[in-house]
Amino acid sequence: MSLYRNSAWFLKGLTEFTRNGFLTASKRFVEKDLDVSVAGRSFMITGANSGIGKAAAMAIAKKGGTVHMVCRNKDKAEEARADIVKESGNKEVYVHILDLSETRKVWEFAEAFKKKYKALNVLINNAGSIMSQRDVNAEGLEKSFAVNVLGIYILTKSLVPLLEKSPDPRVISVTSGGMLVQKLRIGNLQSERGRYDGTMVYAQHKRQQVVMTEQFAKTHTNIHFSVMHPGWVDTPAVANAMPDFHRSMKESLRSPDQGADTVVWLAISEVAITNPSGRFYQDRRVVSTHLPLAWTHSSPLEEQKFMSLLEELAKKFQPH
């Protein structure tokens, strides 16, 4: 937990990333930004059965959007879907079962989705995984990397053609402030060397998501890409993966709705896409991906190499 207790950015985050930080930031929000109907538009949200993902799914369903919930656990997903349909009155909410740690199945899911559905306007990469110890999937990949990085890469890349055919396509990824104390490292993607610290590995994956978003934005200019930090949010994932942090911060954590606010804003508002593609957001504002005077910058060559490594890995598991 040293990452969260000792870093200067965490002390800053005690106010900025907390519930009070959200309440302060929300005073400048323009509420008509979200006063839109998205009927006829479709949204895919990974990890949509709880926390930020469910809150985003609920908000979008209430605006009339078609919601595709991509979840690992069928029972929890169906329960969440029932809640969303009941509260929103919107029956256009669909459950898809996928474990993002099963790399080949991510490809298979995306390919099948493209065949079945004619459009996808927005992809929200929300699902994430923090492991307490290193574990590998059946394909030999470190599990949290498979979920947090390679799974997102494959899902996004495979769905790009469908997104590009749809009006106003957007891709939003949910990252974490932990990435601010991480420099992109491409020499140990599978966390095979050194002591395994799940929170540090997760933070590195979140830096990788930011780089991935920036690179996708350069390559696929017809799609608006963004990545956002939701602040410190009271979710089951945080409670399970970081119990000490959750216990000590519980009174200051944001609600899932507050954590999802910028996700929803990026997904549906007109003003969000007036900003350039590939930017990093916090509380509806573009913010820097690095702290002042940070050592966390990487070179264009390193970033291109990272994307090449992901492409090579992804191709190994692509169905033929």
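In helix α5, the buried residues are Ala77, Ala80, Ile84, Val85 and Ser88. Hi everyone, I'd like to start there, and please keep in mind that what we have is a predicted model.

So, how are those residues arranged around the helix? Looking down the axis of α5, the buried residues fall within an arc of 135°, so they line one face of the helix. There is a handy general rule behind this kind of pattern: an α-helix has 3.6 residues a turn, so residues three or four places apart point the same way.

What does the buried side of α5 pack against? Its buried residues pack against α4, β2, which covers 66–71, and β3, which covers 93–97. Now turn to the face pointing away from that buried side: there you'll find the exposed residues Asp75, Glu79, Lys86 and Glu87. As for dimensions, α5 runs over residues 74–88, which makes 15 residues. From its first C-alpha to its last, α5 reaches 21 Å, close to the 21 Å expected at 1.5 Å a residue.

Let's move on to a pocket. The second largest pocket has a volume of about 170 Å³. Which elements give two or more residues to its lining? They are α4, residues 51–62, and α11, residues 256–268. You've met α4 already, as one of the elements that the buried residues of α5 pack against. If you'd like to find the pocket on screen, the residues lining it are Leu34, Ala55, Met58, Ala59, Lys62, Asp257, Ala260, Asp261 and Val264. By type, that lining divides into 6 nonpolar and 3 charged residues, with no polar ones.

Asp261, one of those lining residues, leads us to phenylalanine 29, because Asp261 is among the residues that phenylalanine 29 touches, where contact means heavy atoms within 4.5 Å. Leaving out residues up to four places away in sequence, the others that phenylalanine 29 touches are Phe22, Asp283 and Arg284. Phenylalanine 29 sits in the loop between α3, residues 19–26, and β1, residues 42–46. Is phenylalanine 29 buried or exposed? Its relative accessibility is 11%, so phenylalanine 29 counts as buried. For a sense of distance, phenylalanine 29 and glutamine 190 are 161 residues apart in sequence and 40 Å apart in space, C-alpha to C-alpha.

One last stop, in another loop. Serine 176 lies between β5, residues 170–174, and α8, residues 198–219. Serine 176 counts as buried because its relative accessibility is 8%, under the 20% cut-off. Which residues does serine 176 contact, beyond its neighbours within four places in sequence? They are Tyr202, Lys206 and His229. Thanks for listening!

Notes: Residues numbered from 1 in each chain as written. Predicted model: local features only at pLDDT ≥ 70, side-chain atom pairs only at ≥ 80, totals over all residues. Heavy atoms only, no water. Helix = DSSP H or I, 4+ residues; strand = E, 2+ residues; numbered from the N terminus. Buried < 20%, exposed > 50% of the residue type's maximum accessible area, 1.4 Å probe, protein only. 1 Å grid on protein atoms, 1.4 Å probe; cavity = no way out; pocket = protein on both sides within 12 Å on 5 of 7 lines; lining within 4 Å. Points joined across faces, edges and corners; volume = space filled by probe spheres on them. Nonpolar A, V, L, I, M, F, W, Y, C, P; charged D, E, K, R; others polar. Expected span 1.5 Å × (residues − 1). Arc of directions from axis to C-beta.
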